Amino acid sequence: MFVGLLTFGHTYATEVTEAEYSDTVSYTLNPVVVTGTGMKQRLKSTPVPVEVINGSELRAASLNDLQEALTMMIPSLSFSPSAMGSYLRMNGLTNRHVLILVNGKKLTGDISGNVDLGQIDVNLIERVEVLNGAASTLYGSDAVGGVINIIMREPDAKPQVSTNTSLRRNRQFDQSLAINLPAGKINSLTGFHYAHSDGWQNSQFTKDGNELIPTLAQLSLGFTSQNLTQRFTYDPSSDLSLYADMGYYHRILDRPAEQSEITGGAKYNTMSESWSWGAGVKYRLSALGSLSLDYSGRRFGQWYKYMLPSGTFNVGDYNKTKNQVFHDLEAKSIFNFSESSNTIFGMAYRYEQLVRPDEDFDRSLNSFSLYGQHEQRLFDSLTLLAGARFDTYQNIGSRFTPKATIMYHIGDFNLRASYAMGYRAPGLDELYYHLMKPMGSRHIITFGNPDLKSETSNYFGINAEYRTDRFSASVTAYINQVRNMITSSSTKFTALSEEEQNALREEFPEIADVKLSTLSVKQYYNYSRAKVKGFEVNIMAMPLNGLTLSANYTFAYGRGLEADGSWSRLNRSVVHTATLTANYTRQWNWYRININLNGRVQSKTYYPGDADGNAPGYGIWNLITRHTFSCFRGFTLTPGFGIDNIFNRRDMRPLNCNFALYSPGRSYVISLAVNI
């Protein structure tokens, strides 16, 4: 939870009075959030501010892809999509340092550490809360750089059916369906989401030494995915509520098949499948507080589906390459011992298993956690918050993580200062991998390190905020110091000594079937330390009824200490980033128009020591209009029209370069939402 103090580039989050799928747009500078302190609080009152993106904002911008939405709306985040999923960066720190939650529960299911955000049905999102900085006291391991908590829509007592369809270039097609059915004290919400893209090339060439040669490889890979979710709620009394949910997700890539006369093809496509389930109960102790018990589980699998014969596999065969299992059980209590205080106690048990059937790899890890937090308000202007967590990990050890924050409030001004410790336990792959695997057209021998130390971070932040009904501004400065950062080094097989090569050939006989120029050896180790420091400026204004303007800028300077004592930029870090949004809504009787303009501008992305160099900066702008017609009996129609990447910005360099911009260029968007 405790991120310290990045505040709200998007704290103007939309609140919707009716079912949110009515797309009524009413803005507030003081929405309710839960991620910062683990309990519901108004954003202006919480000592741990967050950035908020509301589901209505996503629909107003016609953003059906969560990765794109976070990129265009949160400047501290950046993504690098690949066959392995989406590589996330937050203020210079990697995806392994950012904890992604769904309704407060960890999202699992990854490929090489990259969480597949396609598992989230964007059309069922109520809001996204983003905390910047260490947050391990409430959320445990991985919350070193920040937390992204995706709050999904709850079933309600009003029957409703809604669909949303959108189409862009390269056959980027999205179709969603949501059905809300009440039955007395039981409510049901069913969601289905289908997405497809043909993928695209901006350049048809790749580099072979200093020579440009044609390639089949795509900058953005084609894919098809389906996502089915179901949630039930049951409220037998005003004090007792229960829920149960389940989900299924399927995704398969659509890469070009290998051809003998041109490089860049593949023998197989990658398929992933995820099953999730969960249940919970909450009992309200009148004004005293509440008790809750939650369980969540997930199974994630990955397969190769062969397009061409390869070894013992024929066309159409499947080869299971990974299986992940995750179980999480948490008991939590919130007590209001006085009108001026809140106290949280909790305990959690977590079990994780990672299996690679083709490599005879099967490892598991479990942990147990205790945590507590107390918030005390003094003199109507001062709030103090302190908390601590104790975790013990099987075969790794124990960790104690404290936090403390202070907030001073006077009139429309808030001043906040905070300290938080974060940590990340090594992953099962980082500890125990000892295998050789293909990675696209390359092959990698990976050696885990069972002697890896857990990463720890110390986060300090200070924030000044001014907020009225129509204007808000905040400035946040922070420093995040990470010790024992886990990283890896890769060495080309041909650069090893003859003795080392022969030892690897003996251990991995399959090397004989691999082109040696494509083979490398990867080893995990601990950096001594890394440091990220920066500041953010967030401004929002509502100068006219229906018009909302926001501008957000982040400066993040991240470096790591190498083994030779030198400091280098953190890999894939970005120093300067800004996002800007203008949203206008006007209603005339049964017709409403919504116009949304959003843009992102960022400086170059650093790849220190990489022969392919840094990725250049870019600026990209989108314009979307939506038109709601409520003149029909029992339903509304909302067609939408717009342009993605208005100025047709594209990166046309050869495909083995490092990229930051993955857009295919200018794209016209057509959408239609129907609400019954």
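Two strands are said to pair if DSSP finds at least two bridges between them. The exercises below apply this to a predicted model.

**Exercise 1. Determine the strand order of the open five-stranded sheet, and state which strands stand at its edges.**

Solution.
Step 1. Following the pairings across the open sheet gives the order β3-β11-β12-β7-β8. The pairing in this sheet is mixed.
Step 2. The edges are occupied by β3 (51–54) and β8 (105–106). Each of these two has a single partner strand, so one side of each is left without a neighbour in the sheet.
Step 3. The contact of β3 with its partner can be examined in detail. β3 and β11 (residues 125–132) run antiparallel and are joined by four bridges. Within this pair, I53 has V128 of β11 as its bridge partner.

**Exercise 2. Identify the residues of the largest nonpolar core that touch the most other members, and the elements that supply this core.**

Solution.
Step 1. The largest nonpolar core has 30 residues, and those touching the most other members are L66, I125, V128, I148 and I150.
Step 2. At least two residues each come from α2 (66–73), β4 (77–82), β5 (85–90), β7 (98–102), β11 and β12 (146–152). The element that gives the most is α2, with four residues.
Step 3. Take L66 as an example. When residues up to four places away in sequence are not counted, L66 touches L117, I120, V122, I125, V128 and I150.
Step 4. Another core lies apart from this one; it has 16 residues, including L99, L101, L138 and V147.
Step 5. A general tendency may be recalled here: in soluble globular proteins, nonpolar side chains tend to be buried together.

**Exercise 3. Trace the antiparallel pairing from β13 through β14 to β15, and describe the turns.**

Solution.
Step 1. β13 (residues 160–168) pairs with β14 (residues 172–183) in the antiparallel sense, over nine bridges. In this pair, D174 of β14 stands opposite S166.
Step 2. The two strands form a hairpin with three residues between them. In its turn, N170 has a positive phi of about 60 degrees.
Step 3. β14 is also joined to β15 (residues 186–197), by eleven bridges and in antiparallel fashion. Here N180 stands opposite L189 of β15.
Step 4. β14 and β15 likewise form a hairpin, with two residues between them. G184, in the turn, has a positive phi of about 70 degrees.

**Exercise 4. Describe how β19 is paired with β18 and with β20.**

Solution.
Step 1. β18 (residues 222–234) and β19 (residues 240–254) pair in the antiparallel sense over 13 bridges. G222 stands opposite D254 of β19.
Step 2. The connection from β18 to β19 is a hairpin through five residues.
Step 3. β19 also pairs with β20 (residues 268–284), in the antiparallel sense and over 13 bridges. L240 has Y283 of β20 as its bridge partner.

**Exercise 5. List the residues of the nonpolar surface patch, and decide whether F368 is buried, partly exposed or exposed.**

Solution.
Step 1. The patch covers about 730 Å² and is made by L293, L329, M347, Y349, F368, L370, F390 and F400.
Step 2. β23 (341–356) and β24 (361–378) each supply at least two residues of the patch. F368 lies in strand β24.
Step 3. Buried means under 20% relative accessible area and exposed means over 50%, with partly exposed in between. The relative accessible area of F368 is 36%, and therefore F368 is partly exposed.

Conventions
Residues numbered from 1 in each chain as written. Predicted model: local features only at pLDDT ≥ 70, side-chain atom pairs only at ≥ 80, totals over all residues. Heavy atoms only, no water. Patch = residues over 30% accessible without salt bridge, like charges linked within 9 Å, V, L, I, M, F, W, Y side chains within 5 Å. Areas by Shrake-Rupley, 256 points an atom, 1.4 Å probe, with all protein chains shown as cover. Salt bridge = Lys/Arg side-chain N within 4 Å of Asp/Glu carboxyl O. Buried < 20%, exposed > 50% of the residue type's maximum accessible area, 1.4 Å probe, protein only. Core = buried A, V, L, I, M, F, W, Y, C linked by side-chain atoms within 4.5 Å. Contact = heavy atoms within 4.5 Å.
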